[in-house]
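User: I would like to learn how to read side-chain features in a protein model. Can we go through one together?

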Amino acid sequence: GGDCQLLGEVIAGALVIHHWAGVSSLAQTPKQIALAKARPIGHSSFDQETFPGIFREHSRGFLGAPMVAGHRHGKNWSTRFEITQLTSDGSTLDFLAVDSKAQLQLLGEIALDSFGVLTFNYQLTNLGEPYTLDRLHYWLPLSPRATEKLDFFGRWSSERQPQRSQIETGLWARDSWEGRSGHNFTITQLALTNQTNFSSGEVWSIALGWSGNSAHYIERQYDGSQWMGAGEIFMPGEVILETGGSYQAPTLYAS
């Protein structure tokens, strides 16, 4: 879409996104594409590369917060989705992922418009006994070129005050528990290079199309990999999926 590109593939059943940004920032050469796919292996890490992809599952060796959190009477809390259907026409990508043991199905729709804006939609369906859903959040890998984060705070008559700081190891979260959009919480999460300003530089942005309780994240893991994420916040027991029941996550917008 426009001057933007989404680079990904299915690895061992997981959808792995290697790159989402301008074409100019990823030269179309085998060497550059190979570098985008490379993952570091530290002395304290697993001996082989792990590719949990955007599902971020513990069952695939990922040690951070997973995409899906929930349980069925204290069981089926660790998922392992496998892509069973995948279609793409160059500007859209639709997939169906199933975990037959946890009895869950995830439908994903990704679209890239002519302006380079990515839209993500997830729908989780319960195929078994009632399932308590605690979280279904979107996650996208973040380029290591992004070294700072930017979001907003404020109050009445002093809205949208920017706050900018370094991205450090750990999880940065902006949670909104107000039940609606407001001046107190950010409406988007930005990541940028340290020289980015209003006229030049690179910016990665995500925003949840939702006016209720929500969370926006920036994460740098111990191995140096970085992520951006967002999703709806549930109250305890708010979403319990009956057999055949589905939860449609709010749309995520990324640019």
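**Rings, charges and turns**

Analyst: Start with the aromatic cluster: F55, F81, F95, F120, Y122 and Y138 belong to one group. Keep in mind that this is a predicted model.

User: What is the secondary structure of the protein chain?

Analyst: The protein chain has 1 helix and 19 strands. In all, 45% of its 255 residues count as buried. Among contacts with a separation of 6 or more, 55% join residues 24 or more positions apart. The exposed surface is about 12900 Å², and carbon and sulfur atoms supply 54% of that area.

User: Back to the rings. How many aromatic pairs does the structure hold?

Analyst: The structure holds 8 aromatic pairs. A pair of rings is described by the distance of the centres and the angle of the planes. Take F95 and Y122. Their ring centres are 6.4 Å apart and their planes meet at 70°, so this pair is edge-to-face. Planes over 60 degrees apart get that label.

User: Where do F95 and Y122 lie in the chain?

Analyst: F95 is in strand β5 (residues 92-99) and Y122 is in strand β7 (residues 118-126). The two are 27 residues apart, so the pair links distant parts of the chain.

User: Are F95 and Y122 buried or exposed?

Analyst: Both fall under the 20% cut-off for buried. F95 has 1% relative accessibility and counts as buried. Y122 is buried as well, with a relative accessible area of 0%.

User: Now another pair. Which label, stacked or edge-to-face, fits W139 and Y217?

Analyst: Stacked: the ring centres of W139 and Y217 are 5.2 Å apart and the planes are at 15°. Under 30 degrees counts as stacked. W139 sits in strand β9 and Y217 in strand β15 (residues 214-220), so the pair ties together parts 78 residues apart in sequence. W139 and Y217 are both buried.

User: What lies over the face of W139?

Analyst: R56 does, at 3.6 Å from the ring centre. R56 also lies over the face of W227, at 4.8 Å from that ring centre. For an arginine, the atom to check is CZ, within 6 Å of the ring centre and within 35 degrees of the ring normal.

User: Next, the backbone. Which value is positive in N76?

Analyst: Phi. Look for a positive value in a residue other than glycine: in N76, phi is near 55°. N76 is placed in the loop between β3 (68-71) and β4 (82-88). With a relative accessible area of 26%, N76 is partly exposed.

User: What is the phi of S157?

Analyst: S157 is not a glycine, yet its phi is positive, at about 70°. The loop between β10 (148-155) and β11 (158-166) holds S157. S157 is exposed, with a relative accessible area of 55%.

User: Last one: S143. Where is S143 found?

Analyst: S143 is in the loop between β9 (138-142) and β10. At 15% relative accessibility, S143 counts as buried.

User: Which residues does S143 touch?

Analyst: Leave out residues up to four places away in sequence, and S143 touches W204 and Q226. Then check polar atoms. A polar atom of the S143 side chain lies 3.1 Å from the backbone nitrogen of R145. The cut-off for a polar contact is 3.5 Å.

Definitions and conventions: Residues numbered from 1 in each chain as written. Predicted model: local features only at pLDDT ≥ 70, side-chain atom pairs only at ≥ 80, totals over all residues. Heavy atoms only, no water. Helix = DSSP H or I, 4+ residues; strand = E, 2+ residues; numbered from the N terminus. Buried < 20%, exposed > 50% of the residue type's maximum accessible area, 1.4 Å probe, protein only. Contact = heavy atoms within 4.5 Å. Areas by Shrake-Rupley, 256 points an atom, 1.4 Å probe, with all protein chains shown as cover. Polar contact = N/O pair within 3.5 Å; in protein donor to acceptor, adjacent residues only side chain to side chain. Phe/Tyr/Trp six-rings, centres within 6.5 Å; stacked < 30°, edge-to-face > 60°.
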